[in-house]
Amino acid sequence: MVAFRSSQSQMIGTKFKLWCTTQYGNKPLSFKWRKNDNVLSSNNDQQQQHQKHRYHIEILTDESVLTIFNVEQFDSGNYSCQVYNHFGSDIQFTVLTVQG
């Protein structure tokens with residue numbers, strides 16, 4: 001996996017994106033996102049996403065993208081992405097600090 005920066009800052013009201021990218025590994029790959037050790041889920045319906053869900057998770061063949069729309073102070077925390085395949089897993093962490 002490509003390493004995350006250990007910490008990141010974001011202003012309130014902005015959009016935050018975090019990419020979880022593999023450099024190599026046998027497919028198929030599975031991705032799991034967490035905030036403070038709680039699994040994050042996403043709804044891909046754009047309208048419901050803004051109304052009910054704070055997070056949008058896009059999963060591609062060898063990467064996943066976590067997007068937080070309209071970042072708020074309570075979005076601060078420890079975010080992780082774990083990638084799995086038949087041979088094992090890898091995980092990266094970053095601490096998001098929301099300012100403003």
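This briefing describes the fold, one sheet, one buried serine and the largest pocket of a single chain. The model is a predicted one, and the chain has 100 residues, of which 37% are buried. DSSP elements in the chain amount to 1 helix and 8 strands, and their order from the N terminus is β-β-β-β-α-β-β-β-β.

**Overall fold and surface**

- Reading from the N terminus, four strands come before the helix and four strands come after the helix, as the order β-β-β-β-α-β-β-β-β shows.
- Among the contacts in the chain with a separation of 6 or more, 60% are made by residues that lie 24 or more positions apart.
- The chain exposes an accessible surface of about 6,000 Å², and carbon and sulfur atoms account for 47% of that surface.

**The five-stranded sheet**

- Five strands form an open sheet with mixed pairing, and their order across the sheet is 1-8-7-3-4.
- The edges of this sheet are strand 1, which covers residues 7-11, and strand 4, which covers residues 38-39, and each of these pairs on one side only.
- Strand 1 and strand 8, the latter spanning residues 88-99, run parallel and are joined by 5 bridges.
- One of the residue pairings that can be named here is that of methionine 11, whose bridge partner in strand 8 is glutamine 99.
- In general, the strands of a sheet pair through backbone hydrogen bonds, and the pairing may be either parallel or antiparallel.

**Serine 64 and its surroundings**

- Serine 64 is located in strand 6, which runs over residues 63-68.
- Because its relative accessibility is 0%, and the cut-off for a buried residue is under 20%, serine 64 counts as buried.
- A polar contact of 2.8 Å links the side chain of serine 64 to the side chain of tryptophan 33.
- When neighbours within four places in sequence are left aside, the residues in contact with serine 64 are Leu18, Trp19, Cys20, Phe31, Trp33, Ile57, Glu58 and Ile59, so that Trp33 appears in this set as well as in the polar contact.

**The largest pocket**

- The largest pocket holds about 160 Å³ of space.
- Strand 7, which covers residues 77-85, and strand 8 are the elements that give two or more residues to the lining of this pocket.
- The lining consists of Met1, Thr22, Tyr24, Gly25, Leu29, Val83, Tyr84, Asn85, Gly88, Ser89 and Asp90.
- Strand 7 and strand 8, which contribute to this lining, also stand next to each other in the sheet order 1-8-7-3-4.

Notes
Residues numbered from 1 in each chain as written. Predicted model: local features only at pLDDT ≥ 70, side-chain atom pairs only at ≥ 80, totals over all residues. Heavy atoms only, no water. Pairing = 2+ DSSP bridges. Buried < 20%, exposed > 50% of the residue type's maximum accessible area, 1.4 Å probe, protein only. Polar contact = N/O pair within 3.5 Å; in protein donor to acceptor, adjacent residues only side chain to side chain. Contact = heavy atoms within 4.5 Å. Areas by Shrake-Rupley, 256 points an atom, 1.4 Å probe, with all protein chains shown as cover. 1 Å grid on protein atoms, 1.4 Å probe; cavity = no way out; pocket = protein on both sides within 12 Å on 5 of 7 lines; lining within 4 Å. Points joined across faces, edges and corners; volume = space filled by probe spheres on them.
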